[in-house]
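Me: Could you walk me through this structure? I'd like to go slowly, one topic at a time.

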Amino acid sequence: MHYLDHAATTPLRPEALAAMREQWEQVGNPSSLHTAGRRARSVVEESREQIAAIVGVKPADVVFTSGGTEADNLALKGIARASGKKRILISAVEHHAVLDPADALIEEGFTVERIGVDHLARVDLDELEWLIDADVALVAVMYANNEVGTLQPVDEVARVCARHGVAVHTDAVQALGQVEMDLTGVDSVALSAHKVGGPVGVGVLILDRAMQVSPLTHGGGQERDIRSGTVDAAGVAGFAAALAAPKPDLVPLRDQLIAAVFEAVPDAVLNGDPDQRLPNNAHFSFPGCPGDALLMLLDAAGIAVSTGSACTAGIPQPSHVLLAMGADDSLASSSLRFSLGWNSTAEDVAALRLALPPAVERARRAGGIR
Ligand code: PLP
């Protein structure tokens, strides 16, 4: 199989597996006071320090969670509820892990407004300036879009928010390990282990200690009493090991992939920002070609790709990201995301180059075009 869906999840890195195996063979709850517990605790704290050093934040700001979704939920609901304010601003192209908790807050009397994006999916800073005031509890703008790969001007968003004394959250699940992040002025950041070769079910919320936040879970008081529940020592060790593992520069391979797609399908349309994009993402629309049909045809040829975020794939709806970028329904339903990772090779790209023309031809026939 040629796996071109690393944005959905990545294969586990051997370094992460080794770190986890070592922990699975040991016993000890990080909250226990005996030697076994203290050993597990030191694994958690060393992992916290390692992750903090790589991301460039203070270890004390790292809160372990069960993944990116929980980190986003904790930030959105926790910060909004503790703020005493009732307005939230989020970009129109957020992942459902941000969109849906924001929607859930409407039931509690919050007003949620979406900040528009341009045709490259870049958030409209003028609109942010226009919408923001000191009554806003939180602004959420993702670091990199999970579908089209566009990098957002999070530093500029943070500067606008600082002027108004408003907290900023960024979902950096797709950016982690791909780009050098500037998190100056950002109050909370969601990360996930399984997008960087770590285990599924482990994440981090980086949360400035000064931020007031209402916990979502109540119990043993772990993680600064913000996130009760036993920390998975093996999981966080796997996350730290995956992050610390050497990263290939994916830009040349991504550019090779983009060139191969244009060669195979000359009328394909590259979506997202051509320059300010993730090094591992290439997202295309194939006019007249139902995305789902094309995905299945490529799968039959041994190539795994996605029609968008894994969480919405399978639901035959045009992507909210492409619609927010101004694409019409048909273009938004005819797109595919190719995403590379730590073990991607030129052979994967060559296989895609060969498989695409007949797959597009068949999908177009199935879609009633040509
Ligand atoms: N945020 C973004 C941008 C994502 O791409 C994903 C996963 O697809 C998530 C959040 C959810 O992360 P997790 O799968 O760790 O819950």
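**The two domains and the core**

Reply: Between domain 1 and domain 2, about 2,500 Å² of area is buried, and carbon and sulfur atoms give 55% of it; buried area is the accessible area (1.4 Å probe) that two parts lose on being put together, summed over both. This is a predicted model, in which local features need pLDDT of at least 70 and side-chain atom pairs count only at pLDDT 80 or more, while totals for chains, interfaces and linings use all residues. Residues are numbered from 1 along each chain as its sequence is written, and side-chain values use heavy atoms, with hydrogens and water left out.

Me: Which residues belong to domain 1 and domain 2?

Reply: Domain 1 is 2-10 + 247-366 and domain 2 is 14-244, with bounds that come from an automatic or database domain assignment.

Me: Which three residues of domain 1 supply the most area buried against domain 2?

Reply: They are Lys-247, Leu-278 and His-320, which supply 23% of the area that domain 1 buries there.

Me: And how many salt bridges and polar contacts cross the interface?

Reply: The rule finds zero salt bridges between the two domains, where a salt bridge is a side-chain nitrogen of Lys or Arg within 4 Å of a carboxyl oxygen of Asp or Glu. It does find 16 residue pairs in polar contact, both at pLDDT 80 or more; that term means a pair of N or O atoms within 3.5 Å, and within protein one must be able to donate a hydrogen and the other to accept it, while residues adjacent in sequence count only if both atoms are side-chain atoms.

Me: New topic: which residues touch the most other members of the largest nonpolar core?

Reply: Among the 50 residues of that core, they are Val-55, Ile-132, Val-139, Met-181, Leu-191 and Phe-239. A nonpolar core is a set of buried Ala, Val, Leu, Ile, Met, Phe, Trp, Tyr and Cys residues joined through side-chain atoms within 4.5 Å, and buried means under 20% relative accessible area, exposed over 50% and partly exposed in between (1.4 Å probe, protein chains only).

Me: Which helix gives the most to this core?

Reply: Helix 7 does, with seven residues; helices (H or I, at least four residues) and strands (E, at least two) are DSSP runs, numbered from the N terminus.

Me: What about helix 4, which of its residues are buried?

Reply: In helix 4, residues 96-106, the buried ones are Ala-97, Val-98, Leu-99, Pro-101, Ala-102 and Leu-105. Their packing partners include helix 3 (68-83), strand 5 and helix 10.

Key
Contact means heavy atoms within 4.5 Å.
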